[in-house]
Amino acid sequence: MTPQQMLNQVRIAIDEPAQGSSPFWRNAELMHRLHDSQGYIYRKMVQARDNMFLQSQDIDLVQGTGTYDLPLNARLGTQWALIENRISSANPPLYVADIRFQDTLMMEGPIGVTDPSDSDFGAVLERDKLRLSPAPGVTTTGGVRFWYNPMFGNMNQGTISGTTATLTNTFIPETPTFIKGAISEDTIDKRAGYYNSMDIMIVSDTNPGQTYIDAGGTFTGQEIGETRRITGYEWNLSAVAGIGYGKVTHAAWSIQPSNDAVYAILCPIPEDFHDLVCLRAAMLAASKRPRLLPFIKEQYMDAYQEAIGYISTEQSFRGNQVIPTDQGSY
């Protein structure tokens, strides 16, 4: 579902079909509840299946430097899975062990180093940074690969502000139509990388597609429904006009959207479980509709148990698995 569709589902659940139908909830306030619900359901899903949203980031190591910046979506609260030591020549490759902070000083020395480029690292998270202990002995591009479940930004939806000629960048307005905060100071996030790993979709376009000719004849292209993974994001402010916009980077659209196209940055929860996010948002919104809370909560708990149960057993399709064991040295 798009953010607008999810908002409509919340309104149906709380018996407020439109923003003007009662004095209780504005769209922006309900979008805020949707964002809170998205984060809650996401964390529960990661707890149920730790590889649900897994992705990786290569980190360049600098000789003598112990702490390294992580991507914004690996901020405080991120659950990390493992870290590969990619500078090691060991076979099989080494992995970076998690260490307790109070044990850090005990790790301040190389253990089992076989040549100057190899180290057995320990790692701890220091808020939004990764600390390796001991500090690397050599500078290495992509020396470690950090695997983690990312934290996601807020979904939003509105009319695009344009695209680049390469079709690999889409500009989104500072204040989209559907976003938590709406016309208040809480507009799209200004931090670089905030929407990374989320999906952007072209929802509609009053001037869709373009005509092109290939071996099969003349066709009219349609970009509506195309979805791309966001690989980069930054805030821009025009020095001339003073107009701000978000610059989203992704794989190229197959056809250029017009400036009337409606985009959506989608909820990262799998679409089959969007109704669960909506029900939790409605449950939060029922603080102003207490008579509805028991009915909404009953629907939510049924949907929650089904969703968590499904993803907890989803791995059964994988069949035989390789379970690592320590065979000792040969």
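Let me start with Arg127, which lies in the loop between β5 and β6, where helices (H or I, at least four residues) and strands (E, at least two) are DSSP runs, numbered from the N terminus. The phi of Arg127 is near 55 degrees, a positive value in a residue other than glycine. For background, most residues other than glycine have a negative phi, and most peptide bonds are trans. Arg127 counts as exposed because its relative accessible area is 64%; by the definition used here, buried means under 20% relative accessible area, exposed over 50%, and partly exposed in between, with a 1.4 Å probe and protein chains only.

I should say at once that this is a predicted model, in which local features need pLDDT of at least 70 and side-chain atom pairs count only at pLDDT 80 or more, while totals for chains, interfaces and linings use all residues. Residues are numbered from 1 along each chain as its sequence is written, and side-chain values use heavy atoms, with hydrogens and water left out.

Now to the strands around that loop. β5 and strand β6 (residues 129-133) pair in the antiparallel sense over five bridges, and pairing here requires that DSSP finds at least two bridges between two strands. There are two residues between the strands in this hairpin of β5 and β6. Within β6, Leu132 is the bridge partner of Ala123, and Ala123 in β5 also stands opposite Asp98. That second pairing belongs to strand β4 (residues 97-98) and strand β5 (residues 122-126), which pair in the parallel sense over two bridges.

What kind of peptide bond runs from Ser133 to Pro134? That bond is cis, with omega near 5 degrees, and Pro134 is placed in the loop between β6 and β7. Another backbone feature is found at Leu167, which has a positive phi of about 65 degrees although it is not a glycine. Leu167 sits in the loop between β9 (162-163) and β10 (169-173), and is Leu167 buried or exposed? With a relative accessible area of 12%, Leu167 is buried.

Let me turn to the sheets. Strands of a sheet pair through backbone hydrogen bonds, either parallel or antiparallel. One open sheet has three strands in the order β1-β7-β3, with antiparallel pairing, and its edge strands, each pairing on one side only, are β1 (55-61) and β3 (79-85). From one strand to the next, the twist averages 25 degrees; such angles run from 0 to 180 degrees between N-to-C directions, and the axes are lines fitted to C-alpha atoms, for helices over the stretch in contact. Six bridges join β1 to strand β7 (residues 140-149), and Gln57 stands opposite Phe146 in β7.

Another open sheet has four strands in the order β8-β17-β11-β14, again with antiparallel pairing. Here the edge strands are β8 (156-159) and β14 (227-229), each pairing on one side only, and neighbouring strands are turned by 20 degrees against each other on average, direction ignored. Strand β11 (residues 199-204) and β14 are joined by three bridges, and the partner of Ile200 in β14 is Arg228.

After β17 (262-265) comes a loop leading to α3, and Cys267 is found in that loop. Cys267 counts as buried because its relative accessibility is 6%, and its C-alpha atom is separated by 8.7 Å from that of Phe152, 115 residues apart along the chain. Glu271 is found in that loop between β17 and α3 as well, but Glu271 counts as exposed, at 57% relative accessibility.

How are the two helices that follow arranged, and at what angle do α3 and α4 pack? Helix α3 (residues 274-285) and helix α4 (residues 293-313) pack at an angle of about 150 degrees, with their axes 9 Å apart. α3 and α4 are therefore roughly antiparallel to each other, given that angles under 35 degrees count as roughly parallel, over 145 as roughly antiparallel, 65 to 115 as roughly perpendicular and the rest as oblique.To close with the whole protein chain, its secondary structure comes to four helices and 17 strands, and buried residues make up 45% of its 330 residues.
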